[in-house]
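Let's take a walk through a protein model together. We'll begin at one small spot and then step back for the wider view.

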Amino acid sequence: MASPAAAGPGAALPPGAARRDFYWLRSFIAGGVAGCCAKTTTAPLDRVKILLQAHNHHYKHLGVFSTLCAVPKKEGYLGLYKGNGAMMIRIFPYGAIQFMAFDQYKKVIKKQLGISGHVHRLMAGSMAGITAVICTYPLDMVRVRLAFQVKGEHKYMGIIHAFKMIYTKEGGFSGFYRGLMPTVVGMAPYAGFSFFTFGTLKSIGLAQAPNLLGRPSLDNPDVLVLKTHVNLLCGGIAGAIAQTISYPLDVTRRRMQLGAVLPDSEKCLTMVQTLKYVYQQHGIRRGLYRGLSLNYIRCIPSQAVAFTTYELMKQLLHLN
């Protein structure tokens, strides 16, 4: 049988060949859209979390809900979305790389290492999270700096200005990667357990109660997918478990990222140093786990929307 190339320039590709050729691009788009939808849903809670984690002096005496009410009064309702422009610029490639890398790592681990089942989800999820973080970390750094600012005390005038200031004042490119180590260390269990929990719940649900929890995929009736409300539930549970495990490292990362903005920055130069300082000054509940209640409120819907949107995009873009 002649190949498409041998058949001449006008010959049609075999059915599905064009779709397979652009699989990586469609997977990239699906992950990016999922990430943007998830973060837009919880952007105000992200801003409040950063303010509380780093003990911003305007809000450090307030709790989660008090801060949510105080920010609009002091900075207007758009104050809840401060730093969100940088977030969207970062989150599309972050979500795209993470979900696409997860699928690829899962295949490689299964094929090259012969590891399958629940373990390869955990490994692939951790590797995908680390890959996405390293690729998009400078954008996260800028987003955090912008979100930490309070109206009337602006050090950075926008995304481009923040990039310039960090580069010129904080050691060039290395300034953009301040706090990378706790981020990577924290991302491995967070992404790993997130993908692991969602994938495990999905496979168990479809195996044990396919008619109750599942339905045929829109793009491939032979493939069962979870119903939307079940997807949301599984994604929310995955997010809650992953956040609980990795939260102290997230607090450490934020304080290191804010760097020179904080008065005690010289005591938070390394991951271990920062962990010790936060623990000694504020303890476990008010230090290492400060803002965790907000993170549950933020993370559960965020992960629920992310996984549900990705599963839907996979069907719309024929990835099943």
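Start with K155, which is partly exposed: its relative accessible area is 39%. That label fits because partly exposed covers the range between the buried cut-off, under 20%, and the exposed one, over 50%. Keep in mind as you look around that this is a predicted model.

Where does K155 sit along the chain? Find the loop between α6 (118–148) and α7 (159–169), and you'll see K155 there. Now check who its partners are. Leaving aside residues up to four places away in sequence, K155 touches Q149, H161 and M165. Take M165 from that list: K155 and M165 are 10 residues apart in sequence, and their C-alpha atoms are 9.1 Å apart in space.

Next, hop over to H318, in the segment that follows α13 (292–316). With a relative accessibility of 38%, H318 counts as partly exposed. What is the phi angle of H318? It is near 55 degrees, so a positive value in a residue that isn't glycine. Here's some background for that: most residues other than glycine have a negative phi.

Time to zoom out. In the protein chain you can trace 13 helices and 2 strands. Its radius of gyration is 22 Å, close to the 20 Å that the globule rule gives for 320 residues, so the chain is as compact as a globular protein of that length. If you box in the C-alpha trace along its principal axes, the spans are about 70 × 45 × 40 Å.

What about the inside and the outside? Of the chain's 320 residues, 51% count as buried. The accessible surface of the chain comes to about 15,100 Å², and carbon and sulfur atoms make up 67% of that. Contacts tell you about the folding pattern, too: among those with a separation of 6 or more, 72% are between residues 24 or more positions apart. As for charge, the chain has 36 positive and 13 negative charges, and their mean positions are 3 Å apart.

Finally, look at how a record divides up the chain. An unreviewed UniProt entry places the feature "repeat: Solcar" at residues 22–108, 116–204 and 226–316. Over residues 22–108, the chain is 77% helix and 0% strand, with its end C-alpha atoms 19 Å apart. Residues 116–204 are 75% helix and 0% strand, and the end C-alpha atoms of that span lie 15 Å apart.

Terms used: Residues are numbered from 1 along each chain as its sequence is written. This is a predicted model: local features need pLDDT of at least 70, side-chain atom pairs count only at pLDDT 80 or more; totals for chains, interfaces and linings use all residues. Side-chain values use heavy atoms; hydrogens and water are left out. Helices (H or I, at least four residues) and strands (E, at least two) are DSSP runs, numbered from the N terminus. The radius of gyration is taken over C-alpha atoms; the globule rule is 2.2 Å times the number of residues to the power 0.38. Buried means under 20% relative accessible area, exposed over 50%, partly exposed in between (1.4 Å probe, protein chains only). Contact means heavy atoms within 4.5 Å. Accessible areas come from the Shrake-Rupley method with a 1.4 Å probe; for residues, only the protein chains shown count as cover. Lys and Arg count as positive and Asp and Glu as negative; His and the chain ends are not counted. The place of a charge is taken as NZ of Lys, CZ of Arg, CG of Asp or CD of Glu. UniProt positions are given in the numbering used here, feature names are shortened, and annotations may be inferred rather than shown by experiment.
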